[in-house]
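Colleague: Before we discuss this chain, I should like to see how each descriptive term is justified. Please set each value against its criterion.

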Amino acid sequence: MATRVGYAVTNSWSSGLQASLSLTPDQALNGWTLEFDAAYDITQIWNAQIVSHVGNHYVIRNLDWNASVPAGSSVSFGFIASPGAAPAGYVLNGEPVGSTAPPPAVEPPAASVADVAITEGNSGQAELVFQVTLSKASAVPVTLAYATQAGTAAAGSDFLAASGTVTFAPGETSKAVVVKIIGDTLFEANENFTLVLSNAVGATLAKATGLATIQNDDPAPVTPPAATIADISLTEGNSGQKLATFVVTLSKAAAGPVTIGYATQDGTAAAGSDYIAKSGILAFAAGETSKSVTVAVLGDTMVEGDEAFRLTLSNPVGATLARSGAAATIRNDDVATAPPPSAGGTVTYAVPNDWGNGFVADVRVSAATGGLNGWTVAFEAGFDITNIWGAEIVSHVGTQYVLRNAAYNGTVAPSQTVNFGFQAATTGGHDISQLTLNGAGVGTPQPPVTPPPAALPAISIADASVTEGNLGSVDAVFAVTLSEAAATTVTVRFDTGNGTALAGSDFTAATGTLTFAPGETSKNVRVAVLGDTTPEATETYSVILSAPSGATIADGTARGTILDTDTAGPTPPATPQPGYFHTKGNQILNDAGVSVKIAGVNWFGMETTDFTPYGLHTRSYTDMMDQMKELGFNTIRLPFSDQLLDPGRNTPNGINYNLNPDLQGLSGLALMDKIVDYAGAIGLKIILDHHRSSAGNGPNGNGLWYDSAYGDAKWIENWKMLGAHYAGNTTVIGADLANEPHAATWGGGGGNDWEAAATRAGNAIQSVNPDLLIIVEGVGGNYWWGGNLTGVASNPVTLDVPNRVVYSPHDYPNSIYGQPWFQDANFPNNLEAIFDQYWGYIYREDIAPVLLGEFGSRLTDPKDIAWMERIVPYLAGDFDADGQLNIPADEEGVSWTWWSWNPNSGDTGGILADDWITVNQAKLDALQPIMADGSPLTGGL
C-alpha cells in the first residue's frame, strides 16, 4: 500500500504554529492510525484524535465520521502546536510510509480595525460601529478577540464597555463591532477610547487598535464677568464735602444686564462724622464694563490720623465677585499745634534695630521734678512711620511728625519715665531733628509748674488667691496700700491682665481707678473669679497698677491665683492619642514611635481680606489639593487671621462657585473646615498658621502677635477655640502660634515678651487639646523675621504637657533681601554656620525638633541657587556640606514647608506657574532630595 502524506504550516507566530496533515492512500482505508515523531507539543487538534504522546512520538487516529477513505481520495486533520520542525517517521496502520514535500506556505490574512468617530448626542445611546477587516479571504475560519479600553472617555459615563470574539467564516473579509455611546448635555472636549484586537487565530494582526472619537455637540457655558473694585484715597479738606469715587469694573462685557449691591462700612472712619453712609445697587447694561459709586467725605479742622472706610459689594446677578470690597483712605491735612508745656522733661531717641529700608525706634520721655500731665513730642524726619505703640500720631505733614501720649500714659510722675516706640520705612536713614517736648526744645531748662512734694507715698499691691468654685463667682480681693498717708488725694489706675487664666472664661476683666482720700492708706481691688466644673491646673492672671497721681508705684503688679477644686481627669499623656504626633529630642514621632518628616507647602489667602485660599477663582479646592498630594507634599501650612474667625467680618470672596459649589455661603471657619475635611480624606495633614491679627498681607505691622483690633487676650481665646474645635481630628497636627513676631523680645518680661506669650498660648491650647504640636517661631533681631531662635538656648518654651514643642524659623535667600552673609567673600561656604547660629543648633544639640516654616525663591538669582544647594542638604542632615548625612539612618532631618504653593507671592513665586496649573519643575526638582518617602499618612506622617 502506497500512501502520500502531506504536511503544511498554515500559520505561525513567535510562540506557536498551525499545521495540517493530509493522507492520500492508493487503496481504500476503513479506519486509519498515523504515527510520527515531532519535537513540539500539540495543544489543539481537529478532525482527528490523539491516541498517545510519549516523548516525541505521537499516535493519531480517525474520528468516527472520517474513518473510511476511498482509494485516491484524501483525508486531512489540523492542529495547533508549539514551534518545531516538520514531523518525520510516518507509520500508517503499522506500515512505514513516505511523505510528499510540503506545499508552499500559505500567507494568512492580516486583520485590521478602523478608526471611527461619532457625534455624542444629548441623551440615550447611539451605536458606534468599528469595522474589522481581513486583507484577503481565508480558507479556514478566523477568530479575533476584542475589548474596549478607556481613554479620555470613561466606560460607564461616556460609553458602555464591550468585549467578545469576532469569527470570520471561510471567504468572509469584514465584520462589525458595535459599542454603545452615552449622550449627555455637558460641555466638554472631544473624548476618545479604543477597541483593541488580540488572540488572532488564522490571521495576523496588522492594525490591532482602533481609535473612537466622541465628538462633543454641546455648547460651551457662558462664563459670567468678574467684578472688582479698587482702593482709593483722598485728602479730607477743612469744611464741606469731597467725593470719594470708587470704580467698579467688569472683567468683560456681559451679554445681559448685571446688578451688584453695594454699601459703605465703617473702619477707623465713622459714618456721620467722617463720611456719609451710602448703599444701593449698580446696574450694568449689556456691553458696559465700568460704573462708579461716589461717597461724600466730610471736611473738618480736627487734627487726627488718616482714617479709612470700605465699600463692600454683594449679591451679584449676572457676574461673580473677584474682589468684594475696597478701602477709601481719608488723608488728614490738619496740622497740630503743640500744647504749651505742662512741665519740663527730656526725650531720648534710640534705634536698636535697623535693616536698611526700615527700622524700629525706642523713645523715652522723662519728666522733670514737676512731672508731666500729658505730653507731646514733635520732630522733623525723612521716614514714614508704619506702626506705633505707646503713643499716637497727631499729625504728619511733610516731614513734620507730632506725636502724643496714649490714653493710659499721659501722666508722668516727677523724675519718672514712659516709653513708646515705632516702626518706620525709610530710604534716607533714621535720623530726626528739631526734637521738642510739649513745644520746647529738648534740653532747654523749663521751670516746674508746681513745686514737687517733699515726699510722695509709694503704692503697692499684694497677690491674692481664691478657690474657684463650681457655680457663679467668688471675689479675689487684692489689697492696695500706701507706704504712708498723703496730705492730698491719691489716685491710681488698675487693670486685669491675662495669664494662663483668661478674662471671660476664668475671671471677669476689671478696670478702674482707686482714690485714696487724705489720710487713707488702704483700698481693695475685687476681681470676680468664675466657677466651673472643668478639671484644670492652677491658673494665674495679674492686676496691674498704672498712672499714679500723688504717689509713686513701688510694686505695681499682683498675681491672682485660681485654685481648682474639681476632680481631675487623667493627666494628659506625654504620648498623644492614636493618629497624633509628639516629640522626642530633635525628632517628631508618630503614635507608633517612628520618626516622621513634615514635607509641606504654604497655601496662603485665608489671612487676607479675601478670606479664602488663593486660586479658587480658577480651580476647585479639591483639584488643587489632589495636585499637592500627587507632587509628594504631605502637609499644608494654612495661614489665617483672627478676623477670619470674627462673625460678620469674614465673608470669603474671590471663589468661582461653579467650580466650588459646596463653598457657597460659608463663613471663614466653615471654609477652613472644608479644607481640613478634604485634606483628611486624601491623607494630607494641616498646620494652622496664625499669620496676622486683622485681615491683610504679611505679618502684623507692629511686629507682634496682636494688634489694636485683636489683642493678646483675643489671640489666646481664638487659639483655644480652634484647639477645641479640632480636638480629636487627627488631620490638624499643629498650631503655629504667630507668624514672624519680629519686634518682640525672647524673654525679659513685659508686653513684648514672645517666649512668655508662646507659653501662655501653648498651655491654653493644651487645656482643651493636649495632642497638638505647639509650633513656636523666632523673633527678629539681626536675622530674618521669625528666624532668630537664639534665645531658646537659655530660655526654652516649657509647656504643661511635655513633648509637644517644635521650633519654626523662617529663612530666605539673597533675592528677598541682600543680607550681609550673602555678600561675604566666603559665601556660600559660610551658610551652614549661619544656620547653626540662629536655629540649626536646636536640632543639632537635640533640644527639640525644627520645622523650617517658610523658605522659598524664584530660583533665578545665582546666589539664590547657591543658597538652595546648601540649605536642602542641611535640612536632610548634611551639616558640613561634605555630601554625607550626619544623622542616624532611622531618624529624619529638619521638617519644612515651602513658601509657597501660590504663584501670586510677589518675591518668591510659587510651585505653580501663573496659570495656577503648570508646575515649576525646577523648584520641585530642587526639593526632591528632602521630600518624604511617600508612605501613607497614618498614625502620623
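Modeller: Let us begin with the vocabulary of sheets: two strands pair if DSSP finds at least two bridges between them, and strands are DSSP runs (E, at least two residues), as helices are (H or I, at least four), numbered from the N terminus. The model is predicted, so local features need pLDDT of at least 70 and side-chain atom pairs count only at pLDDT 80 or more, while totals for chains, interfaces and linings use all residues. Residues are numbered from 1 along each chain as its sequence is written, and side-chain values use heavy atoms, with hydrogens and water left out.

Colleague: In what order do the strands of the open sheet with mixed pairing lie, and what makes a strand an edge strand there?

Modeller: The order is S46-S43-S41-S48, four strands in an open sheet. Strand S46 (522-530) and strand S48 (552-555) are the edge strands, since each pairs on one side only. From one strand to the next the twist averages 30 degrees; axes are lines fitted to C-alpha atoms, for helices over the stretch in contact, and angles run from 0 to 180 degrees between N-to-C directions.

Colleague: How do you know that strand S41 and strand S43 pair?

Modeller: Strand S41 (residues 458-461) and strand S43 (residues 473-482) share three bridges in the antiparallel sense, and the criterion is at least two, so they count as paired. Isoleucine 459 stands opposite leucine 482 in S43.

Colleague: Which strands pair with S49, and in what sense?

Modeller: Strand S42 (residues 464-467) pairs with strand S49 (residues 557-563) in the parallel sense over four bridges, whereas strand S47 (residues 539-549) runs antiparallel to S49 and is joined to it by six. Glycine 560 appears in both pairings: it stands opposite alanine 464 and is the bridge partner of tyrosine 541.

Colleague: What is the strand order in the open sheet with antiparallel pairing?

Modeller: Four strands lie in the order S30-S31-S38-S34. The edges are strand S30 (345-354) and strand S34 (384-389), each of which pairs on one side only. Here the twist averages 25 degrees from one strand to the next. S30 is joined to strand S31 (residues 358-367) by eight bridges, and threonine 346 has serine 366 in S31 as its bridge partner.

Colleague: What distinguishes the two faces of strand S4?

Modeller: In strand S4 (residues 33-37), Leu34 and Phe36 form a covered face, and Thr33, Glu35 and Asp37 an uncovered one. In a regular strand the side chains alternate between the two faces of the sheet. S4 runs antiparallel to strand S7 (residues 57-61), with five bridges, and to strand S10 (residues 88-92), with three. Glutamate 35 stands opposite valine 59 in S7, and aspartate 37 has alanine 88 in S10 as its bridge partner.

Colleague: Why is the pair of tryptophan 784 and tyrosine 812 called edge-to-face?

Modeller: Rings of Phe, Tyr and Trp (its six-membered ring) pair if their centres lie within 6.5 Å; planes under 30 degrees apart count as stacked, over 60 as edge-to-face and the rest as tilted. A search of the whole structure finds 46 aromatic pairs. For tryptophan 784 and tyrosine 812 the centres are 6.1 Å apart and the planes at 70 degrees, so the pair is edge-to-face. Tryptophan 784 lies in the loop between strand S57 (773-777) and strand S58 (805-808), and tyrosine 812 in the loop between S58 and helix H5 (820-823), so the pair ties together parts 28 residues apart in sequence.

Colleague: Are these two residues buried or exposed?

Modeller: Buried means under 20% relative accessible area, exposed over 50%, and partly exposed in between (1.4 Å probe, protein chains only). Tryptophan 784 has 7%, so it is buried; tyrosine 812 has 8%, so it is buried too.

Colleague: What makes the pair of phenylalanine 855 and tryptophan 898 edge-to-face?

Modeller: Their ring centres are 4.9 Å apart and their planes stand at 80 degrees, so the pair is edge-to-face. Phenylalanine 855 is in the loop between strand S59 (851-852) and helix H7 (862-876), and tryptophan 898 is in strand S60 (residues 895-898), 43 residues apart. Both residues are buried.
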